[in-house]
Amino acid sequence: MIKVKFFQAEDQLIGFEAKGHSMSAPHGEDIICAFVSSACLMTANTVTEVIGINAEASAGEGYLKLMINASANSAQDILNGLKLHLSELQKDYPENINVIISEV
């Protein structure tokens, strides 16, 4: 299962951590993993490279984490968009994706 945890402080999203595999198909053929990976990478790249927000990002096999170091105001729309997108995918694939909101 893919678990995506969104970190929230004072009613603002300040980052997310996605880890795991959906296990719905063999490696390289798993469209659910591709959906989640693509959305998370686009979000991380938009926050750090397009908007230019100071953030820490780390990635590995089946893992991506982004934590914003500065004010998160300008990242709210993109982070909320990711949360909405993944929450909707969770409705379609409840056995494969779990979205969690965590207060920091």
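Here is a short conversation about the predicted model shown above.

Biologist: Before we start, what should I keep in mind about the model?
Modeller: It is predicted, so local features need pLDDT of at least 70 and side-chain atom pairs count only at pLDDT 80 or more, while totals for chains, interfaces and linings use all residues. Residues are numbered from 1 along each chain as its sequence is written, and side-chain values use heavy atoms, with hydrogens and water left out.

Biologist: Thanks! In which order do the elements run from the N terminus?
Modeller: Helices (H or I, at least four residues) and strands (E, at least two) are DSSP runs, numbered from the N terminus. The protein has two helices and five strands. Their order is β-β-α-β-β-α-β.

Biologist: What radius of gyration does the protein have?
Modeller: The radius is taken over C-alpha atoms, and the globule rule is 2.2 Å times the number of residues to the power 0.38. For 104 residues, a compact globule would come out near 13 Å, and the protein agrees, with 13 Å.

Biologist: Which element gives the largest share of the largest nonpolar core?
Modeller: Such a core is a set of buried Ala, Val, Leu, Ile, Met, Phe, Trp, Tyr and Cys residues joined through side-chain atoms within 4.5 Å; buried means under 20% relative accessible area, exposed over 50%, and partly exposed in between (1.4 Å probe, protein chains only). This one has 28 residues, of which Phe6, Phe16, Cys40 and Leu86 touch the most other members. Elements giving two or more residues include β1 (2–9), β2 (12–19) and α2 (76–92). The largest share, seven residues, comes from α1.

Biologist: Which residues does Cys40 touch, leaving out those up to four places away in sequence?
Modeller: Contact here means heavy atoms within 4.5 Å. With that cut-off, the partners of Cys40 are Phe16, Ala18, Leu64, Leu82 and Leu86.

Biologist: And Gly62: how far is its C-alpha atom from that of Lys19?
Modeller: Gly62 sits in the loop between β3 (55–60) and β4. Beyond its neighbours within four places in sequence, Gly62 contacts Ala18, Lys19, Gly20 and His21. Gly62 and Lys19 are 43 residues apart along the chain, and their C-alpha atoms are separated by 5.3 Å.

Biologist: Last one: is Gly81 buried, exposed or partly exposed?
Modeller: Gly81 lies in helix α2, with a C-alpha to C-alpha distance of 8.7 Å to Thr43. Because its relative accessible area is 37%, Gly81 is partly exposed.
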